[in-house]
Amino acid sequence: LCSLLRCIGSKGDVLALIAETHTGGNWDRKIIRLTGPEALTGEEIAEAISYGTGRKVTYKPLSSEEAYREFIDQGYPEWLAKQGVELYDLLASGYDRLPSHEYERIMGHKGMRMHEFFKVNQQYFH
């Protein structure tokens, strides 16, 4: 969920981007690194969720071992839990945090900010 939210921000933005890259310009076989218009930390994402849903959400970083245990406790097979931890560690390092501005370049306007996304879509988070 967070990867998608960091990526664009709203269903309308996602659908518009899909339509544009499939019908306009020359996007065949090109990699588009999508991020949102903001560089957010885990704490800031929790704040945006809290703001938009009206419920207090906190961010608690996990160690690799804790993340692995969470995956296993949720029923993931060991191989997938290990891959999940690799991705978790990569994201926790800030790998995907910097905005790429690709969405704005393609669409001509910025994607929705995360606070706005949760406010507009709060009915899906109850």
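How many aromatic pairs does a search of the whole structure find? In this predicted model, the search returns two.

One of the aromatic pairs joins F71 and Y76. Their ring centres are 5.4 Å apart and the planes meet at 90°, an edge-to-face arrangement. The other pair is made by F117 and F118, with 5.2 Å between the ring centres. The planes of F117 and F118 stand at 85°, so this pair is edge-to-face as well; the cut-off for that class is an angle over 60 degrees.

The accessibility of the paired residues was also computed. F71 has a relative accessibility of 21% and therefore counts as partly exposed, since the buried class ends at 20%. Y76, its partner in the pair, has a value of 33% and is likewise partly exposed. F117 and F118, in contrast, are both buried.

A further ring contact involves a charged side chain. K119 is placed over the face of Y51, at a distance of 5.3 Å from the centre of the ring.

On the surface, a nonpolar patch is formed by L87, L90 and Y95. Together these residues have about 320 Å² of accessible area. Y95 belongs to the loop that connects α5 (78-92) with α6 (102-107). The relative accessible area of Y95 is 55%, so this residue is classed as exposed; the exposed class covers values over 50%.

Technical notes:
Residues numbered from 1 in each chain as written. Predicted model: local features only at pLDDT ≥ 70, side-chain atom pairs only at ≥ 80, totals over all residues. Heavy atoms only, no water. Phe/Tyr/Trp six-rings, centres within 6.5 Å; stacked < 30°, edge-to-face > 60°. Buried < 20%, exposed > 50% of the residue type's maximum accessible area, 1.4 Å probe, protein only. Lys NZ or Arg CZ within 6 Å of the ring centre and 35° of its normal. Patch = residues over 30% accessible without salt bridge, like charges linked within 9 Å, V, L, I, M, F, W, Y side chains within 5 Å. Areas by Shrake-Rupley, 256 points an atom, 1.4 Å probe, with all protein chains shown as cover. Salt bridge = Lys/Arg side-chain N within 4 Å of Asp/Glu carboxyl O. Helix = DSSP H or I, 4+ residues; strand = E, 2+ residues; numbered from the N terminus.
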